[in-house]
Amino acid sequence: MAEIIMYTDGSARGNPGKGGYGVVLICGNHYRELSEGYQHTTNNRMELLAVVKGIEALKGDGHSITVYTDSKYVCDAVEKGWLKSWILTNFKGKKNSDLWIRYYKISKLHSVKFKWVKGHADNKFNNRCDVLATQEADNNPVLIDEGYVQ
């Protein structure tokens, strides 16, 4: 199977406030964009939801996925092993456990690695994700972030 390259970004206006995420998926000659907007959420939730939605959009299991994100929160949680310790402590004192559990379950079906990229710099795909995420946040989002509302 070909490697899947995924770029992700999240945005929140007010943090918490209106939010959105953007995803760019690239596999060979295939290119796909995903984005959605939420009425009330946080930036970190949108950063993580972008990754979750991107992986969930893939057909089949066993993909090799490299996720490029400008979120140190998301990248470090996985690459530095924080997520494993959060799971062992049942996310005691940690936010966004609903999304982290969702990520963990789907990540086990694939080989996922993260690479941090500087946001708002010269990476055209990261910049495209930023445009998608901010447009969703700014355009009267209608979706409800159930995990945040609870």
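This passage walks through the sheet, the cores and the helices of a predicted model.

The sheet is a good place to start. Five strands make up an open sheet in the order E3-E2-E1-E4-E5, and the pairing is mixed. Strand E3 (30-41) and E5 sit at the edges with a single partner strand each, so one side of each has no neighbour in the sheet. From one strand to the next, the twist averages 20°. In general, strands of a sheet pair through backbone hydrogen bonds, in either the parallel or the antiparallel sense.

Strand E4 (residues 64-69) is mostly covered, with 5 of its 6 residues buried. Strand E1 (residues 4-13) pairs with E4 in the parallel sense, over 5 bridges. Two of the positions in this pairing can be named: Tyr7 stands opposite Tyr68 in E4, and Thr8 stands opposite Thr69 in E4. Strand E5 (residues 111-116) also pairs with E4 in the parallel sense, here over 6 bridges. Tyr68 turns up again in this pairing, with Lys115 of E5 as its bridge partner.

Ser111 belongs to strand E5. With a relative accessibility of 47%, Ser111 falls short of the 50% cut-off for exposed residues and so counts as partly exposed. Apart from neighbours within four places in sequence, Ser111 is in contact with His63, Ser64 and Ile65. Asp98 lies 13 residues away from Ser111 along the chain, and the C-alpha atoms of the two are separated by 21 Å.

His63, one of those contacts of Ser111, is found in the loop between H1 and E4. Despite the loop setting, His63 is buried, because its relative accessible area of 9% is under the 20% cut-off. A polar atom of the His63 side chain lies 2.6 Å from the backbone oxygen of Lys59.

Next come the cores. Nonpolar side chains tend to be buried together in soluble globular proteins. Here the largest nonpolar core has 30 residues, and the members that touch the most others are Ile55, Ile65, Trp100, Tyr103 and Phe114. Helix H1 (residues 43-56) is the biggest contributor to this core, giving 7 residues. A second, separate core has 6 residues, among them Tyr7, Ile26, Tyr68 and Val117. Tyr7 and Tyr68 are thus found together in this core, besides standing opposite each other in the pairing of E1 with E4.

Phe114 gives a feel for the packing in the main core. Not counting residues up to four places away in sequence, Phe114 touches Val51, Val67, Thr69, Val74, Cys75, Val78, Glu79 and Tyr103.

Val74 and Cys75, both touched by Phe114, are among the buried residues of helix H2 (residues 72-79), along with Tyr73, Asp76 and Ala77. The buried residues of H2 pack against H1, E4, helix H3 (82-88), H4 and E5. Just after H2, Gly81 takes a positive phi of about 80°.

Helix H4 (residues 97-107) includes Ser107. This serine counts as buried, with a relative accessibility of 8%. A polar atom of the Ser107 side chain lies 2.9 Å from the backbone oxygen of Tyr104.

That leaves helix H5 (residues 124-138), which lies across E1, strand E2 (17-27) and E3, running at about 145° to E2. The 15 residues of H5 reach 21 Å from the first C-alpha to the last, close to the 21 Å expected at 1.5 Å a residue. Asn123 caps the N-terminal end of H5, where a side-chain oxygen lies 3.0 Å from the backbone nitrogen of Phe125. Just after H5, Asn140 takes a positive phi of about 50°.

An α-helix has 3.6 residues a turn, so residues three or four places apart point the same way. The buried residues of H5 are Asn126, Cys129, Asp130, Leu132, Ala133, Thr134 and Ala137. What covers these buried residues includes E1, E2 and E3, the strands that H5 lies across.

Notes. Residues are numbered from 1 along each chain as its sequence is written. This is a predicted model: local features need pLDDT of at least 70, side-chain atom pairs count only at pLDDT 80 or more; totals for chains, interfaces and linings use all residues. Side-chain values use heavy atoms; hydrogens and water are left out. A nonpolar core is a set of buried Ala, Val, Leu, Ile, Met, Phe, Trp, Tyr and Cys residues joined through side-chain atoms within 4.5 Å. Buried means under 20% relative accessible area, exposed over 50%, partly exposed in between (1.4 Å probe, protein chains only). Helices (H or I, at least four residues) and strands (E, at least two) are DSSP runs, numbered from the N terminus. Contact means heavy atoms within 4.5 Å. Two strands pair if DSSP finds at least two bridges between them. Axes are lines fitted to C-alpha atoms, for helices over the stretch in contact, and angles run from 0 to 180 degrees between N-to-C directions. The expected span of a helix is 1.5 Å times one less than its number of residues. A polar contact is a pair of N or O atoms within 3.5 Å; within protein, one must be able to donate a hydrogen and the other to accept it, and residues adjacent in sequence count only if both atoms are side-chain atoms.
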